[in-house]
There are 2 protein chains.
Amino acid sequence: MEEKEKIRITVDIYGQTYTILGTDSPSHVRQVATLVDNQMRAIRERNPYLDTTKIAVLTAVNSVHDLLKLQNEKEALEQELKKLKG
Amino acid sequence: MEEKEKIRITVDIYGQTYTILGTDSPSHVRQVATLVDNQMRAIRERNPYLDTTKIAVLTAVNSVHDLLKLQNEKEALEQELKKLKG
């Protein structure tokens, strides 16, 4: 298997610049950055007195929550597929 | 449908206390908090000079990246199921 070359992509999130190193396409990394930025701004709207670190941690909490939920949904689909395939 | 009662759960993440308001079980919220805390500590290990906000933002970036990947995988499974069911 050919190893994918790692590339550096620079994105802005909540007024700060981040350099992301990885094998993902720039468009994927930018999509992720935009989603994080939007979610941080939405949390600040609802909690104007939170500092940036807490806003970022709560954004991570929301994402990990969604991730666990989606993991369960994916496992349920895999079980269903397994049954259908016999 | 009965509306679930919202409860307040207090967790510690990276040395700070957060109060999470939601309908999830305390054990789910604690699992999420532990995952975020672990991921923040892992990022700090690899990047000892990052400040806490940047560590938290990069944790959110990783989680959203995993989330998008999982969403694609889930959609592929749903397509496969749809085909099998005719």
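## The interface between chain A and chain B

Chain B and chain A bury about 3,600 Å² between them, with 80% of that area on carbon and sulfur atoms. In chain B, the residues that lose the most area to chain A are B:Tyr18, B:Leu70 and B:Leu77, which together make up 15% of what that side buries. Please keep in mind that this is a predicted model.

Each chain brings 37 residues to the contact. Four salt bridges are counted between chain B and chain A. One of them joins A:Glu73 to B:Lys74, whose closest N and O atoms are 2.8 Å apart. Nine residue pairs, both members at pLDDT 80 or more, are in polar contact across the interface.

Which elements of chain B supply the side that touches chain A? Strand S2 (16-22), helix H1 (26-46) and H2 each give at least two residues to it. The largest share, 25 residues, comes from H2(B). By residue class, the side of chain B that touches chain A divides into 19 nonpolar, ten polar and eight charged residues.

### Helix H2 in both chains

Since H2(B) supplies the largest share of its side, here is a look at helix H2 in each chain. H2 of chain B covers residues 52-85, which is 34 residues; at 1.5 Å a residue it should span 50 Å, and its end C-alpha atoms are 49 Å apart, so the two values agree. For H2 of chain A, also residues 52-85, the expected span is 50 Å and the end C-alpha atoms lie 49 Å apart, again in agreement.

The table sets out what is found at the ends of H2.

| Feature | Residue | Value |
|---|---|---|
| Side-chain oxygen to backbone nitrogen of B:Thr53, start of H2(B) | B:Asp51 | 3.1 Å |
| Side-chain oxygen to backbone nitrogen of A:Thr53, start of H2(A) | A:Asp51 | within 3.1 Å |
| Positive phi just after H2(B) | B:Gly86 | about 80 degrees |
| Positive phi just after H2(A) | A:Gly86 | about 85 degrees |

In chain B, then, B:Asp51 caps the N-terminal end of the helix.

### A residue worth a visit: B:Thr53

The residue whose backbone nitrogen faces that cap, B:Thr53, is found in helix H2 of chain B. Is B:Thr53 buried or exposed? Its relative accessible area is 18%, and buried means under 20%, so B:Thr53 counts as buried. Leaving out residues up to four places away in sequence, B:Thr53 touches A:Tyr18, A:Thr52, A:Thr53 and A:Ala56.

Methods. Residues numbered from 1 in each chain as written. Chains lettered and ligands numbered in written order. Predicted model: local features only at pLDDT ≥ 70, side-chain atom pairs only at ≥ 80, totals over all residues. Heavy atoms only, no water. Helix = DSSP H or I, 4+ residues; strand = E, 2+ residues; numbered from the N terminus. Expected span 1.5 Å × (residues − 1). Polar contact = N/O pair within 3.5 Å; in protein donor to acceptor, adjacent residues only side chain to side chain. Buried < 20%, exposed > 50% of the residue type's maximum accessible area, 1.4 Å probe, protein only. Contact = heavy atoms within 4.5 Å. Buried area = accessible area lost by both parts, 1.4 Å probe. Salt bridge = Lys/Arg side-chain N within 4 Å of Asp/Glu carboxyl O. Nonpolar A, V, L, I, M, F, W, Y, C, P; charged D, E, K, R; others polar.
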